[in-house]
Amino acid sequence: MRFLLDEDLPPKTADVGRGLGLDVVSVHELARTGLSDEHQLAFAASERRILVTCNRDDFVALTRSFYATGRPHAGIVMVSRACPNHRPATIAHALAAWRERYAPNGPGSGFLDFL
């Protein structure tokens, strides 16, 4: 599984995640900050990466929109408020545990799930 961290997550989360064996990059590392949520999700889809974000409401709406227009994406994992955004290691470990739950292929395309 491959992951793309949205800009609302600390870029250090990607560093920690890679140390845990995750295939993860941050939009910060790719100079993709400031782009719309739709552009980020489309990019993640083109890269076959699961988008990881804290932005629940916008991405729930985008998932509905993508589904309605037949645009597949690799999925979205929401970081809940219970997972502190200022603690990248906590987020990375939660993402690694999530990956193990769905290894090796993930829950399928177009899903929306929570850490």
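**Helices, crossings and a few single residues**

Let me start with helix α4, where, at 1.5 Å a residue, the 15 residues should span 21 Å, and where the end C-alpha atoms are indeed 21 Å apart, so that the two values agree. Please keep in mind from here on that this is a predicted model, and that everything I describe is computed from it.

Which residues of α4 are buried? They are Pro88, Ile91, Ala92, Leu95, Ala96, Trp98 and Arg99. These residues cover an arc of only 160 degrees around the axis, which puts them on the same side of α4. If you wonder how residues separated in the sequence can share a side, recall that an α-helix has 3.6 residues a turn, so residues three or four places apart point the same way. On the other side of α4 we find Glu100 and Arg101, which are exposed. As for the partners of the buried residues of α4, they pack against β1, which is residues 2-5, and also against α1, β3, β4 and β5.

One of those partners, α1, deserves a closer look. A pair of packed helices is described by the angle between their axes and the distance between the axes. For helix α1, residues 12-19, and helix α4, residues 88-102, the axes come within 8 Å and cross at roughly 45 degrees. That angle makes α1 oblique to α4, and the crossing in which α1 passes α4 is right-handed. If you want to find the meeting place in the structure, look for Lys12, Thr13, Val16 and Gly17 in α1, which meet Pro88, Ala89, Ile91 and Ala92 in α4.

Now let us turn to helix α3, residues 56-68, and make the length check there: at 1.5 Å a residue its 13 residues should span 18 Å, and the end C-alpha atoms are 18 Å apart, which agrees. The buried residues in α3 are Phe59, Leu62, Thr63 and Phe66. They cover an arc of only 105 degrees around the axis, which puts them on the same side of α3, whereas Asp57, Arg64 and Ala68, on the other side of α3, are exposed. What do the buried residues of α3 pack against? They pack against α2, residues 37-46, as well as against the strands β3 (50-53), β4 (76-78) and β5 (112-114). After α3 comes Gly70, whose phi is positive, near 70 degrees.

Let me pick out Thr63 in helix α3, which is buried with a relative accessible area of 13%, a value that falls under the 20% cut-off. Not counting residues up to four places away in sequence, Thr63 touches His73, Ile76, Gly110 and Leu112.

The other helix pair I would like to show is α2 and α3, whose axes come within 10 Å and cross at roughly 60 degrees. The two helices α2 and α3 are therefore oblique to each other, and their crossing is right-handed. Here Asp37, Glu38, Leu41 and Ala42 in α2 meet Asp58, Phe59, Leu62 and Phe66 in α3.

From the helices we move to a residue in a strand, namely Thr53, which is found in β3. Is Thr53 buried or exposed? Thr53 is buried, with a relative accessible area of 0%. Thr53 and Asp6 are 47 residues apart in sequence, and yet their C-alpha atoms are 5.2 Å apart in space. Leaving aside its neighbours within four places in sequence, Thr53 is in contact with Asp6, Asp8, Leu9, Phe59, Ile76, Val77, Met78 and Val79.

Finally, a word on backbone angles in two loops. Most residues other than glycine have a negative phi, and with that in mind we can look at two residues with a positive value. Ala31, in the loop between β2 (23-26) and α2, has a phi near 55 degrees, although Ala31 is a residue other than glycine. Arg48, in the loop between α2 and β3, likewise has a positive phi, near 55 degrees. What is the relative accessible area of Ala31? For Ala31 the value is 67%, and Ala31 is exposed, while Arg48, at 65% relative accessibility, also counts as exposed.

Technical notes: Residues numbered from 1 in each chain as written. Predicted model: local features only at pLDDT ≥ 70, side-chain atom pairs only at ≥ 80, totals over all residues. Heavy atoms only, no water. Helix = DSSP H or I, 4+ residues; strand = E, 2+ residues; numbered from the N terminus. Expected span 1.5 Å × (residues − 1). Buried < 20%, exposed > 50% of the residue type's maximum accessible area, 1.4 Å probe, protein only. Arc of directions from axis to C-beta. Contact = heavy atoms within 4.5 Å. Axes fitted to C-alpha atoms, helices over the stretch in contact; angles between N-to-C directions. Parallel < 35°, antiparallel > 145°, perpendicular 65-115°, else oblique. Left-handed = near helix turned anticlockwise from the far one by under 90°.
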